[in-house]
Amino acid sequence: MKPIFVQLQCAPGKTYEVADEIYRKEIVSEMYSTSGDYDLLLKIYIQEGEDIGKFINDNIASVPGISRSLTTLTFNAF
């Protein structure tokens, strides 16, 4: 398993609804509220070799209330 970090911006007034919907999917190990252009930062573990884009499209991108495309950051263990 490797961690990925996903930032997303929610439509005005929808941050809590988006967070609740993502939390109910049971795919997030940590979730943070941010400021500025992005409202949520998600830490998710995926299988090594799993397609990150497909995972995001299947599990996150369809959540109502997300207003901006997702940015994915991956980090190697050190």
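**Helix H1 and the lysine at position 43**

Let me begin on the outside of helix H1, where Tyr-16, Tyr-23 and Arg-24 are exposed, on the other side of the helix from its buried residues. Before going further, I should say that what you see above is a predicted model, so everything I describe is read from that prediction.

How confident is the predictor across the chain? The mean pLDDT of the chain is 85, and 91% of its residues reach 70 or more. Confidence is highest in H1, at a mean of 92, and lowest in strand E4, residues 71-74, at a mean of 72.

Now to the inward side of the helix. Which residues of H1, the helix spanning residues 15-24, are buried? They are Val-18, Ala-19 and Ile-22. Looking down the axis of H1, we find these buried residues within an arc of 100°, and therefore they line one face of the helix. The cover over them includes three strands, namely E1 (2-8), E2 (30-33) and E3 (40-46). After the helix comes Glu-26, whose phi is positive, near 60°.

Let me turn to the charged pairs. How many salt bridges does the structure hold? There are five, and I will go through some of them, starting with one between Glu-17 and Lys-14, where the closest N and O atoms are 3.4 Å apart. Both partners count as partly exposed, Glu-17 at 48% relative accessibility and Lys-14 at 33%.

A second salt bridge brings together the side chains of Arg-24 and Asp-20, with 2.7 Å from N to O. Both of these residues lie in helix H1, and they are four residues apart, which is about one turn of the helix. Arg-24, which I named at the start among the exposed residues, has a relative accessible area of 53%, whereas Asp-20, at 37%, is partly exposed. This pair does not stand alone, for Asp-20, Glu-21 and Arg-24 are linked in a network of salt bridges.

The last pair takes us from the helix to the strands. Lys-43 forms a salt bridge with Glu-30, and here the closest N and O atoms are 3.6 Å apart. Lys-43 lies in strand E3 and Glu-30 in strand E2, so this pair ties together parts of the chain that are 13 residues apart in sequence.

Is Lys-43 buried or exposed? With a relative accessible area of 14%, Lys-43 is buried, because the cut-off for that class is under 20%. Its partner Glu-30, at 30% relative accessibility, counts as partly exposed.

What else surrounds this lysine? If we leave aside the neighbours within four places in sequence, Lys-43 is in contact with Pro-3, Ile-4, Phe-5, Val-28, Ser-29 and Glu-30. Among these, Glu-30 is the salt-bridge partner we have just met, while Pro-3, Ile-4 and Phe-5 fall in the stretch 2-8 of strand E1. There is also a polar contact of 3.3 Å, which joins the side chains of Lys-43 and Tyr-45.

To gather this up, H1 has a buried face lined by Val-18, Ala-19 and Ile-22, and the strands that help to cover those residues include E2 and E3, which the salt bridge between Lys-43 and Glu-30 ties together.

Notes:
Residues numbered from 1 in each chain as written. Predicted model: local features only at pLDDT ≥ 70, side-chain atom pairs only at ≥ 80, totals over all residues. Heavy atoms only, no water. Buried < 20%, exposed > 50% of the residue type's maximum accessible area, 1.4 Å probe, protein only. Helix = DSSP H or I, 4+ residues; strand = E, 2+ residues; numbered from the N terminus. Arc of directions from axis to C-beta. Contact = heavy atoms within 4.5 Å. Polar contact = N/O pair within 3.5 Å; in protein donor to acceptor, adjacent residues only side chain to side chain. pLDDT = per-residue confidence, 0-100. Salt bridge = Lys/Arg side-chain N within 4 Å of Asp/Glu carboxyl O.
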